[in-house]
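Please open the model in your viewer and keep the selection tool at hand. The stops below can be followed in order, each with something to select and something to look for.

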Amino acid sequence: MTHLLVTGGAGFIGSNFVHHVVANTDDTVTVLDKLTYAGNRASLAGLPEDRVRLVVGDIADASVVDPLMAEADAVVHYAAESHNDNSLHDPRPFLDTNIIGTYTLLESARRHDVRFHHISTDEVYGDLELDDPARFTEQTPYNPSSPYSSTKAGSDLLVRAWVRSFGVRATISNCSNNYGPLQHVEKFIPRQITNVLRGERPKLYGAGQNVRDWIHADDHSSAVLAILAKGEIGETYLIGADGEKSNRDVVELILELTGQPADAYDLVADRPGHDMRYAIDSSKLRSSLGWSPSYADFTAGLAATIEWYRANESWWAPAKDGVEAFYASKGQ
Ligand code: NAD
Ligand code: DAU
């Protein structure tokens with residue numbers, strides 16, 4: 001049995017991971033989460049108390065991190081400021097958490113010789129043109145666009161340096177866009193689903209042509225467990241499920257699945273510096289670790305996600321008005 005320290009485990013992907021670990025392993029988990037606006041205790045509700053413990057604290061505070069690291073066999077580091085639009089409005093928390101927080105964890109893992117898995121994003125590679133046949137690989141040069149993605153790129157480089165300079169036993173994964181239950185309503189898919197559920201129209205940035213490569217959060221979790229079990233120290237693995245879709249196609253599918261007319265959406269102000277397309281080539285992960293995604297059918301996964309938001313309004317409703325007021329102030 002392994003004891004995992006999961007940072008950011010009360011956020012979207014981290015909480016999905018904790019549920020996945022409880023359902024699929026005998027491991028125990030300590031979640032370290034600051035419970036920012038993006039963290040939610042309710043996302044961990046129903047998990048067995050003898051296997052999952054929540055500690056509320058900041059990953060940038062070494063006095064909080066150190067005792068938790070000392071008792072862990074491995075740390076899986078999800079905690080981050082994660083939303084591009086917020087990073088364009090106020091970049092500072094992105095530096096504090098994504099850079100200083102990751103540095104603090106790495107130093108603690110180094111002191112206690114704890115296996116480290118760093119969760120990162122395909123956005124560190126910048127973007128691709130719509131008509132470019134290329135996809136990102138582990139060899140693609142870093143070229144981040146936003147304050148968010150540049151701080152994630154910086155955190156990845158810290159991890160690489162701590163492996164090489166100090167022998168920290170770390171791996172990195174860069175994943176494409178996740179969808180599924182427990183995602184904050186500020187993000188694209190939950191925002192559009194909850195708009196429709198409230199009788200509002202979905203909002204597409206620009207012309208809606210931008211492409212994202214969607215993967216279900218549960219498939220992200222199974223990939224991370226595979227890397228923890230079999231990944232090679234010092235290696236980077238790209239995680240993706242061949243799910244490229246334009247934002248317009250995703251909105252039209254949400255409208256279809258909820259019985260609305262296909263054109264019942266609004267085009268709104270574009271995101272400054274908006275990355276055009278992300279696309280992941282996950283061949284290395286699949287061939288070297290034998291991983292493959294389970295949610296092959298995006299329409300079925302999206303339909304189940306819509307049903308989750310329909311059934312869990314009490315989870316998302318408290319954040320919805322504030323998020324919409326923020327977007328309205330930006331013409332979005
Ligand atoms: P999220 O915003 O939903 O959750 C982030 C969590 O981190 C929250 O619970 C928050 O309270 C916590 N947190 C923030 N600052 C903290 C701090 N200083 N100390 C402790 N906890 C803190 O984010 P998410 O979408 O679940 O993303 C999780 C990770 O996955 C991030 O590292 C992100 O870069 C990465 N990622 C996300 C996606 C995606 O599609 N959402 C894709 C690839 C990679
Ligand atoms: O690629 C991985 C990244 O995916 C992660 O690193 C980030 O943490 C995660 O937030 C996500 O970043 P994106 O910027 O791609 O996700 P977001 O949900 O903000 O937007 C997805 C796309 O939808 C993007 O092209 C912007 C667009 N969009 C977004 C919102 C909120 C809209 O058209 N309308 C909207 O209302």
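The tour goes from confidence to the central strand and then to the two ligands.

**Before selecting anything**

Keep in mind that this is a predicted model. Colouring the protein chain by pLDDT is a sensible start: its mean is 98, and 100% of its residues reach 70 or more. For the complex, the predictor gives an ipTM of 0.99 and a pTM of 0.99.

**Strand S5 and its partners**

Select strand S5, residues 115–121. Six of the seven residues of S5 are buried, a residue being counted as buried when 20 or more other C-beta atoms lie within 10 Å of its own, and the strand is therefore largely enclosed by the rest of the structure.

Add residues 74–77, which form strand S4; this strand pairs with S5 in the parallel sense, over four bridges. To find one point of contact, pick Val76, whose bridge partner in S5 is His117.

Now add residues 170–175, strand S6, which runs parallel to S5 and is joined to it by six bridges. Here Ser120 can be selected together with Asn174 of S6, which stands opposite. To follow the connection between these two strands, show helix H5, residues 147–166, through which the chain crosses from S5 to S6 in a right-handed β-α-β crossover.

**Ligand 1**

Centre the view on ligand 1 and display the 31 residues around it, of which Gly8, Gly11, Ala38, Gly39 and Ala80 come nearest. Coloured by class, this shell divides into 13 nonpolar, 13 polar and five charged residues.

Which elements each supply at least two residues of the shell around ligand 1? They are helix H1 (12–24), strand S2 (28–33), helix H4 (92–112) and strand S5, already seen above. The largest share, three residues, comes from H1.

**Ligand 2**

Move next to ligand 2, where 19 residues make up the surroundings and Ser82, Thr121, Lys187, Phe188 and Tyr205 come nearest. Two elements give two or more residues to this shell, namely helix H6 (188–197) and strand S8 (203–205). It is S8 that provides the largest share, with three residues.

How many nonpolar, polar and charged residues does the shell around ligand 2 have? Colouring by class shows four nonpolar, eight polar and seven charged residues.

How values were computed: Residues numbered from 1 in each chain as written. Chains lettered and ligands numbered in written order. Predicted model: local features only at pLDDT ≥ 70, side-chain atom pairs only at ≥ 80, totals over all residues. Near = placed C-beta within 6 Å. Nonpolar A, V, L, I, M, F, W, Y, C, P; charged D, E, K, R; others polar. pLDDT = per-residue confidence, 0-100. Buried ≥ 20, exposed ≤ 12 C-beta atoms within 10 Å, placed from the backbone. Pairing = 2+ DSSP bridges. Right-handed = clockwise from strand over helix to strand, strands pointing away.
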